[in-house]
Amino acid sequence: MKKISALVSAAASLIDRAATWILFLLLLVMTCITFAQVVTRYVFNFSITWSEELARFLFIWSIFAGIPSLIFRSGMTAFDLILARLRGKTAKCAALLLSAAGLLFFHLMAHGSFPLVQRQFAQQATSLPVPMGLVYIVIPVSGFTAMFMIVENLLRVLAEGGKTS
């Protein structure tokens, strides 16, 4: 069990590093596009027509792409105050219950977003020649990756016998 947990943890760490770089690039491009829009509008009296739409799409991607990293780094846990006060088997059961609830939520999010993504591939964005399905494909990808991160956390808890981090 510890070998499987270590292997899954290594994979989760690689995914987290890749997601961190993707987030960095998304935010960098979003910042540069927004800055360029402000400069061209106020200095050159010219507006980049597609900049707002691209910034909005990158914002959507950065939100959903950041969810698995937050789970991996324990940044999304709203129940830390409760879990910190629990000890022993009660803490482990509460952590497992919260992980199960997270798995259910992200499963519903990932599978429930497929019809949206499929419908949106037929629609083009207003300013950019991009199918809207490419914008929304991040929702199921984020959901499945978040589920993987929760499973990694569960395996670590079961292998080490400790609390979730």
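How exposed is Arg56 by relative accessibility? At 40%, Arg56 counts as partly exposed. The close-ups below come from a predicted model.

**View 1. Arg56 and Glu52 form a salt bridge within helix H2.** The side chains meet at 3.6 Å, N to O. Both residues sit in helix H2, four residues apart, so about one helical turn separates them. The two partners fall in separate accessibility classes: Arg56 is partly exposed at 40%, whereas Glu52 is exposed at 57%. Exposed here means over 50% relative accessible area, so Glu52 passes the cut-off and Arg56 does not.

**View 2. Asp16 and Arg73 join in a salt bridge.** The distance is 3.0 Å, N to O. Asp16 belongs to helix H1, and Arg73 to the loop between H2 and helix H3 (80–85), so the pair ties together parts 57 residues apart in sequence. Which partner is buried, and which is exposed? Asp16 counts as buried, at 5% relative accessibility. Arg73 counts as exposed, at 52%.

**View 3. Arg156 and Glu152 meet in a salt bridge.** N and O lie 3.2 Å apart. Both residues are in helix H7, with four residues, or about one turn of the helix, between their positions. Arg156 is buried, and Glu152 is buried too. The count for the structure is three salt bridges.

**View 4. Trp21 and Phe24 make an aromatic pair.** The structure holds three aromatic pairs. Trp21 and Phe24 form one that is edge-to-face, at 5.7 Å centre to centre and with 85° between the planes. Both rings belong to residues of helix H1, three residues apart, about one turn of the helix. Trp21 is exposed, with a relative accessible area of 59%. Phe24 is partly exposed, at 45%.

**View 5. The rings of Phe105 and Phe106 pair edge-to-face.** Their centres are 5.1 Å apart and their planes stand at 80°, so the pair is edge-to-face. An angle over 60 degrees is what the class requires. Phe106 is buried, at 6% relative accessible area.

**View 6. Ile150 of helix H7 is shown with its contacts.** What does Ile150 touch, leaving aside its neighbours within four places in sequence? The contacts are Ile71, Ser99, Gly102, Leu103 and Phe106. Ile150 counts as buried, at 7% relative accessibility. Its contact Phe106 is buried as well, at 6%. Gly88 gives a reference distance: the C-alpha atoms of Ile150 and Gly88 are separated by 20 Å. These two residues are 62 residues apart along the chain.

**View 7. The second largest pocket has a lining of 13 residues.** About 200 Å³ of space lies in this pocket. Helix H1 (2–42), helix H2 (51–72) and helix H7 (138–160) are the elements that each give two or more residues to the lining. Which lining residues lie nearest the centre? They are Ala19, Ile22, Ala65, Val141 and Thr145. How does the lining divide into nonpolar, polar and charged residues? It has 11 nonpolar residues, two polar and no charged.

Terms used: Residues numbered from 1 in each chain as written. Predicted model: local features only at pLDDT ≥ 70, side-chain atom pairs only at ≥ 80, totals over all residues. Heavy atoms only, no water. 1 Å grid on protein atoms, 1.4 Å probe; cavity = no way out; pocket = protein on both sides within 12 Å on 5 of 7 lines; lining within 4 Å. Points joined across faces, edges and corners; volume = space filled by probe spheres on them. Nonpolar A, V, L, I, M, F, W, Y, C, P; charged D, E, K, R; others polar. Salt bridge = Lys/Arg side-chain N within 4 Å of Asp/Glu carboxyl O. Buried < 20%, exposed > 50% of the residue type's maximum accessible area, 1.4 Å probe, protein only. Phe/Tyr/Trp six-rings, centres within 6.5 Å; stacked < 30°, edge-to-face > 60°. Contact = heavy atoms within 4.5 Å.
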